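Got the viewer open? Let's take a walk through this protein, one selection at a time.

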Amino acid sequence: MGKWFAQRKKWNAINLTADLRKYEINAMIKLSVLSLLFATLTCALFAKSGPAIRKEIKEENGRNVEYMFIDGIKVHEKDPEKQPQPPVVEPKPYDAKSSKPPKGAIVLFDGTQKTLKNWQATNGGPTKWKLVDGALESVRGGGYLQSKKKFGSCKLHIEFATPREAKGSGQGRGNSGVFLMGQYEIQVLDSYNNITYPDGQCGALYGRAKPLVNASRGPGEWQSYDVTFHRPIFNEAGKVTRKAKFHVIHNGHVIHDHLELSGGTGWKGPHSISEYKKHGDKGPIKMQDHGNPVRFRNVWVVPLPEV
């Protein structure tokens with residue numbers, strides 16, 4: 001009888017151990033499933049929400065001034081401790097083959113008087129910009145230059161050169177800009193050994209996103225942007241339902257990797273930038289006159305189907 005009780009006790013211990021092991025396995029499975037679900041929901045939430053935008057109004061010299069913060073960083077922040085400068089990289093050699101317009105591209109400017117007619121002033125009149133050595137050169141006081149043809153989502157190739165003689169510093173040196181749909185600016189600036197706020201240096205989506213790297217060439221050297229742009233979509237109430245997206249290559253380096261634009265790029269003050277505002281499905285390619293004789297050449301566009 002004693003032997004039977006000893007054997008029964010042993011079996012009970014084995015069954016208890018098995019039950020505990022089964023419970024641990026089930027608990028681990030449930031924990032893994034919950035962890036996966038939490039990670040999925042978290043990723044979806046952050047993917048949908050985008051960067052955190054915060055605004056403050058401060059009274060300065062008797063007037064209210066708006067300050068905008070994107071993910072906690074002030075727009076046009078100059079403190080490198082708070083907004084580090086992008087790392088400087090060596091520009092890649094100019095690729096003449098890939099710079100040629102592909103089949104089906106719309107050539108907006110090829111250095112000729114004929115394609116100069118593809119451009120106009122923003123009021124629809126003739127432009128004051130000059131044709132200089134096969135390039136479009138901005139003229140101080142000449143105003144913005146824009147294409148007569150309008151585009152939505154597209155691929156854009158454009159080449160530019162800041163003045164050979166480097167004058168000024170910061171935003172005052174070789175300043176211009178390239179605007180998609182006449183709205184969304186990729187900054188043009190002489191950023192070769194020239195420090196400014198990172199979200200306003202060459203290649204920045206002005207006020208919204210600094211470039212991943214500084215791939216700038218020296219003053220007077222030709223540089224290139226290759227842009228894949230997907231336009232924003234608005235509902236009838238004017239709210240953006242799909243934000244604009246940029247993939248930008250500057251002198252062979254990716255400086256914006258399929259970046260979703262968090263808002264507009266219009267200047268609203270020293271530390272604020274515009275929000276999205278409903279506009280048409282198409283708009284012109286526009287270049288900025290900022291008082292510096294910046295030149296542009298080899299401009300072509302490939303319209304993209306809307307998805």
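Start by selecting N298. Is this residue buried or exposed? N298 is buried: its relative accessible area is 19%, and the cut-off for buried is under 20%. To see where you are, colour residues 295-303, because that run is strand β20, the home of N298. There's a backbone detail to check here too: N298 has a positive phi of about 45° although it is not a glycine. By the way, what you're looking at is a predicted model.

**A second positive phi**

Now jump to D71. D71 isn't a glycine either, yet its phi is positive, at about 55°. Where does D71 sit? You'll find it in the loop between β2 and β3. Buried or exposed this time? D71 is exposed, with a relative accessible area of 53%; exposed means over 50%.

**The sheet around that loop**

Keep D71 on screen and add the strands. What order do the strands of this open sheet come in? The 3 strands run β1-β2-β3, and the pairing is antiparallel. Colour β1 (53-60) and β3 (73-74): these are the edge strands, each with a single partner, so one side of each has no neighbour in the sheet. Next, colour residues 63-70, which make up β2. β1 and β2 are joined by 8 bridges. For one example, select E59 and look across to β2, where its bridge partner is N64.

While you have strands on display, here's a handy rule: side chains in a regular strand alternate between the two faces of the sheet.

**The largest pocket**

D71 is also your way into the next stop. Select P51, I70, D71, R208 and A209: of the 17 residues lining the largest pocket, these lie nearest its centre. Which elements give two or more residues to this lining? They are β3 and β16 (253-260). The space inside is about 360 Å³. Colour the lining by class and you'll get 7 nonpolar, 4 polar and 6 charged residues.

**The second largest pocket**

Clear that selection and pick V88, S191, Y192, N193 and N214. These lie nearest the centre of the second largest pocket, which has 18 lining residues. About 270 Å³ of space lies in there. How does this lining divide by class? It has 6 nonpolar, 9 polar and 3 charged residues.

**Another set of paired strands**

Next, select residues 154-161 for β9 and 223-230 for β12. These two pair in the antiparallel sense, over 7 bridges. Show K155 and look opposite: that's T228 in β12. Stay on β12 and add residues 245-250, strand β15. β12 and β15 are also an antiparallel pair, over 6 bridges. Here D226 is a good one to click, since I249 in β15 stands opposite D226.

**Zoom out**

Finally, show the whole protein. How many helices and strands does it have? There are 3 helices and 20 strands. Of the 307 residues, 43% count as buried, and N298 from your opening stop is one that is buried. Switch on the surface and you'll see about 17,400 Å² of accessible area, with 56% belonging to carbon and sulfur atoms. One last thing to look for is contacts between residues far along the chain from each other: among contacts with a separation of 6 or more, 66% link residues 24 or more positions apart.

How values were computed. Residues are numbered from 1 along each chain as its sequence is written. This is a predicted model: local features need pLDDT of at least 70, side-chain atom pairs count only at pLDDT 80 or more; totals for chains, interfaces and linings use all residues. Side-chain values use heavy atoms; hydrogens and water are left out. Helices (H or I, at least four residues) and strands (E, at least two) are DSSP runs, numbered from the N terminus. On a 1 Å grid over the protein atoms alone, a cavity is a set of points where a 1.4 Å probe fits but cannot get out, and a pocket is an open set with protein on both sides within 12 Å along at least five of seven lines; lining residues have an atom within 4 Å of a point. Grid points are joined across faces, edges and corners, and a volume is the space filled by probe spheres set on the points. Ala, Val, Leu, Ile, Met, Phe, Trp, Tyr, Cys and Pro count as nonpolar, Asp, Glu, Lys and Arg as charged, and the others, Gly among them, as polar. Buried means under 20% relative accessible area, exposed over 50%, partly exposed in between (1.4 Å probe, protein chains only). Contact means heavy atoms within 4.5 Å. Accessible areas come from the Shrake-Rupley method with a 1.4 Å probe; for residues, only the protein chains shown count as cover.
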